[in-house]
Amino acid sequence: PVVAKETGCGLSVGVGKRLRAAGVEHVDVSGAGGTSWVAVETHRAGVEQRALGDLFWDWGIPTAASVLAMERCRFSTVFATGGIHNGLQAAQALALGATVVGIARPVLQALERDGEAGARAYLSQVEAELRTAMLLVGAGNLKQLRSAPRLLDEPLARWAQLWGGGAS
């Protein structure tokens, strides 16, 4: 299968619709809030391009908003990556419509700091946090989590309104 992957700036409804029209079934939103590839390229750029990179360093659609956008496009799989650091954020992404959640940087940091045991401990904590969030909303499984009522904060509610979605 083909997975279309953004690289740190998120996916909009318009891009999602074009990907679906092209036959893509799976997307990785890689929203703003995680690794900024603009930032990476800014570090690599010559002096004359650095100001441009600095200006667009944080550009993009946040992961949560991008997940909401992809819900409108009906992909088989939506990977929520970009700025996910804990189990609560993973639960929120899943409740918004993600199929899969990816966490990279914090896992690599735990691995670097405390080796394999540290990475395993970090992931165990993420799992405990996800399970706790599910318990608190009364979700016994991921399907129930995805159908839990949504209360969107103001920035996310504005993104949802832009794309014709909203809280339920």
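## Exercises on rings and pockets

Trp 163 has a relative accessibility of 14% and counts as buried. Keep in mind as you work that this is a predicted model.

**Exercise 1.** Work out which kind of aromatic pair Trp 159 and Trp 163 form.

*Solution.* Let's begin with the general idea: a pair of aromatic rings is described by the distance of the centres and the angle of the planes.
- Step 1: the ring centres of Trp 159 and Trp 163 are 5.2 Å apart, and rings pair if their centres lie within 6.5 Å.
- Step 2: the angle between the two planes is 35°. Planes under 30 degrees apart would be stacked and those over 60 edge-to-face, with the rest tilted.
- Step 3: the pair is therefore tilted.

**Exercise 2.** Decide whether Trp 159 is buried, partly exposed or exposed.

*Solution.*
- Step 1: the relative accessible area of Trp 159 is 26%.
- Step 2: buried means under 20%, and exposed means over 50%.
- Step 3: the value falls in between, so Trp 159 is partly exposed, while its partner Trp 163 is buried.

**Exercise 3.** The structure has two aromatic pairs. Describe the one made by Phe 56 and Trp 59.

*Solution.*
- Step 1: here the centres are 5.6 Å apart and the planes meet at 65°.
- Step 2: an angle over 60 degrees counts as edge-to-face, so Phe 56 and Trp 59 are an edge-to-face pair.
- Step 3: now check the surroundings. Phe 56 has a relative accessible area of 35% and is partly exposed; Trp 59, at 56%, is exposed.

**Exercise 4.** Find the residue that lies over the face of Phe 75.

*Solution.* Look for Arg 20, which is 5.6 Å from the ring centre of Phe 75.

**Exercise 5.** Describe the largest pocket and its lining.

*Solution.*
- Step 1: the space inside amounts to about 650 Å³.
- Step 2: 28 residues line this pocket, and those nearest its centre include Ala 64, Gln 92 and Leu 156.
- Step 3: helices H4 (63-71), H5 (87-96) and H8 (154-162) each give two or more residues to the lining. H5 gives the most, with seven.
- Step 4: sorted by class, the lining has 20 nonpolar, six polar and two charged residues.

**Exercise 6.** Do the same for the second largest pocket.

*Solution.*
- Step 1: its volume is about 380 Å³.
- Step 2: of its 18 lining residues, Gly 34, Thr 35, Gly 82, Ala 104 and Arg 105 are closest to the centre.
- Step 3: helix H6 (residues 105-136) provides the largest share of the lining, three residues.
- Step 4: the classes are six nonpolar, 10 polar and two charged.

Terms used: Residues are numbered from 1 along each chain as its sequence is written. This is a predicted model: local features need pLDDT of at least 70, side-chain atom pairs count only at pLDDT 80 or more; totals for chains, interfaces and linings use all residues. Side-chain values use heavy atoms; hydrogens and water are left out. Rings of Phe, Tyr and Trp (its six-membered ring) pair if their centres lie within 6.5 Å; planes under 30 degrees apart count as stacked, over 60 as edge-to-face and the rest as tilted. Buried means under 20% relative accessible area, exposed over 50%, partly exposed in between (1.4 Å probe, protein chains only). A charge sits over a ring if NZ of Lys or CZ of Arg is within 6 Å of the ring centre and within 35 degrees of the ring normal. On a 1 Å grid over the protein atoms alone, a cavity is a set of points where a 1.4 Å probe fits but cannot get out, and a pocket is an open set with protein on both sides within 12 Å along at least five of seven lines; lining residues have an atom within 4 Å of a point. Grid points are joined across faces, edges and corners, and a volume is the space filled by probe spheres set on the points. Helices (H or I, at least four residues) and strands (E, at least two) are DSSP runs, numbered from the N terminus. Ala, Val, Leu, Ile, Met, Phe, Trp, Tyr, Cys and Pro count as nonpolar, Asp, Glu, Lys and Arg as charged, and the others, Gly among them, as polar.
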